[in-house]
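Reader: Please take me closely through one part of this model, and through the surroundings it packs into. I work at the bench, so keep it plain.

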Amino acid sequence: MSAPILETERLILRPHRAEDFDDVAAMWADPAVVQFISGVPSTGEASWSRLLRYIGHWHALDYGFWAVTDKETGAFLGEVGFADFKREIKPSLGGHPECGWVMASAAHGRGIATEAVARIHQWADEVKGWKETVSIFDPDHKASHNVARKNGYEVSGEAVLGNLPTLVMRRTKD
């Protein structure tokens, strides 16, 4: 299965493709983008692996990440989606789909992440019907905490991922 194309007022969320590599690599190499993710800019090799992992999620699990693009210009703005990264996190995420997003610096502060995350949850509610999704963050990444809250996530606790404290938020559907 390939990612369905989703739209919002300003965005097109589409499947990743190999041609996205330069945009993906530039975004993940930007220190401002990774400040609260790993703190370490990614190499081109790591970005290529990430891109292939995104594409592979759809084929293996029928869900994954989308490339977020500007509806008007086609510019690459970031990535958003759901995944099962088999994280070695304590406590465990309980096998629930993990929602994540990352936006290129040019998209920061414009409500792009909130809009994209809302759209993928609409898709998930209609197509997947998941009762719970999770999201994890650096405890200091307030902008992402706000995006999560606006999309129905609540703090559920803390965990440790790679020896780093990690905030866990959950979104539960009745």
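Author: In what follows, contact means heavy atoms within 4.5 Å. The model is predicted. The part to look at is helix 5, which runs over residues 142–150.

Which residues of helix 5 are buried? They are Ser144, His145, Val147 and Ala148. These buried residues lie on the same side of helix 5, because the arc that they cover around the axis is only 160 degrees. The exposed residues on the other side of helix 5 are Lys142, Ala143 and Lys150. The cover over the buried residues of helix 5 includes strand 6, helix 4, strand 7 and strand 9. After helix 5 comes Gly152, which has a positive phi near 90 degrees.

One of the buried residues of helix 5 can be followed in detail: Ala148. Ala148 has 0% relative accessibility and so counts as buried, since buried means under 20% relative accessible area. Setting aside neighbours within four places in sequence, the contacts of Ala148 are Trp101, Phe137, Tyr153 and Met169. For Met169, the C-alpha atom is 7.7 Å from that of Ala148, although the two are 21 residues apart in sequence.

Helix 5 also belongs to the wall of an open space. The largest pocket of the model has a volume of about 1300 Å³. It is lined by 44 residues, and those closest to its centre are Phe36, Ile37, Trp101, Ile136 and His141. Helix 5 is among the elements that give two or more residues to this lining, along with helix 2, helix 3, strand 6, helix 4, strand 7 and strand 9. Which element gives the largest share of the pocket lining? Strand 6 does, with six residues. Trp101, listed above as a contact of Ala148, is also one of the residues closest to the pocket centre. By class, the pocket lining is made of 23 nonpolar, 14 polar and seven charged residues.

Helix 4, which is part of the cover over helix 5, runs over residues 112–128 and takes part in a second space, a cavity. How many cavities of 30 Å³ or more does a search of the whole structure find? The search finds one. The space in this largest cavity is about 30 Å³. Its lining consists of His121, Ala124, Asp125, Trp130, Lys131, Glu132, Thr133, Arg171 and Lys173. Helix 4 and strand 7 are the elements that give two or more residues to that lining, and helix 4 gives the most, with three residues. The classes in the cavity lining are two nonpolar, two polar and five charged residues. Helix 4 also holds Glu126. Glu126 has a relative accessible area of 57% and is therefore exposed, as the cut-off for exposed is over 50%. From Glu126 to Ala116, ten residues away in sequence, the C-alpha distance is 16 Å.

Helix 3, residues 44–61, is another contributor to the pocket lining. Its 18 residues should span 26 Å at 1.5 Å a residue, and the 25 Å between its end C-alpha atoms agrees with that. The buried residues of helix 3 are Ser47, Arg50, Leu51, Tyr54, His57 and Trp58. They pack against helix 1, strand 3, strand 4 and helix 4. Just past helix 3, Asp62 has a positive phi of about 65 degrees.

The loop from helix 3 to strand 3 contains Tyr63. Is Tyr63 buried or exposed? It counts as buried, because its relative accessibility is 11%. Beyond its neighbours within four places in sequence, Tyr63 touches His57, Trp58, Phe82, Ala83, Asp84, Pro97, Trp123, Lys128 and Trp130. Of these, Trp130 is also in the lining of the largest cavity. Between Tyr63 and Gly81, 18 residues apart along the chain, the C-alpha separation is 8.0 Å.

Helix 1, against which helix 3 packs, has Val24, Ala25, Met27 and Trp28 buried. Viewed down the axis, these residues of helix 1 fall within an arc of 165 degrees, so they line one face of the helix. They pack against helix 2, helix 3, strand 4 and strand 6. Strand 6 brings the account back to helix 5, as it is part of the cover over the buried residues there.

Conventions: Residues numbered from 1 in each chain as written. Predicted model: local features only at pLDDT ≥ 70, side-chain atom pairs only at ≥ 80, totals over all residues. Heavy atoms only, no water. 1 Å grid on protein atoms, 1.4 Å probe; cavity = no way out; pocket = protein on both sides within 12 Å on 5 of 7 lines; lining within 4 Å. Points joined across faces, edges and corners; volume = space filled by probe spheres on them. Helix = DSSP H or I, 4+ residues; strand = E, 2+ residues; numbered from the N terminus. Nonpolar A, V, L, I, M, F, W, Y, C, P; charged D, E, K, R; others polar. Expected span 1.5 Å × (residues − 1). Buried < 20%, exposed > 50% of the residue type's maximum accessible area, 1.4 Å probe, protein only. Arc of directions from axis to C-beta.
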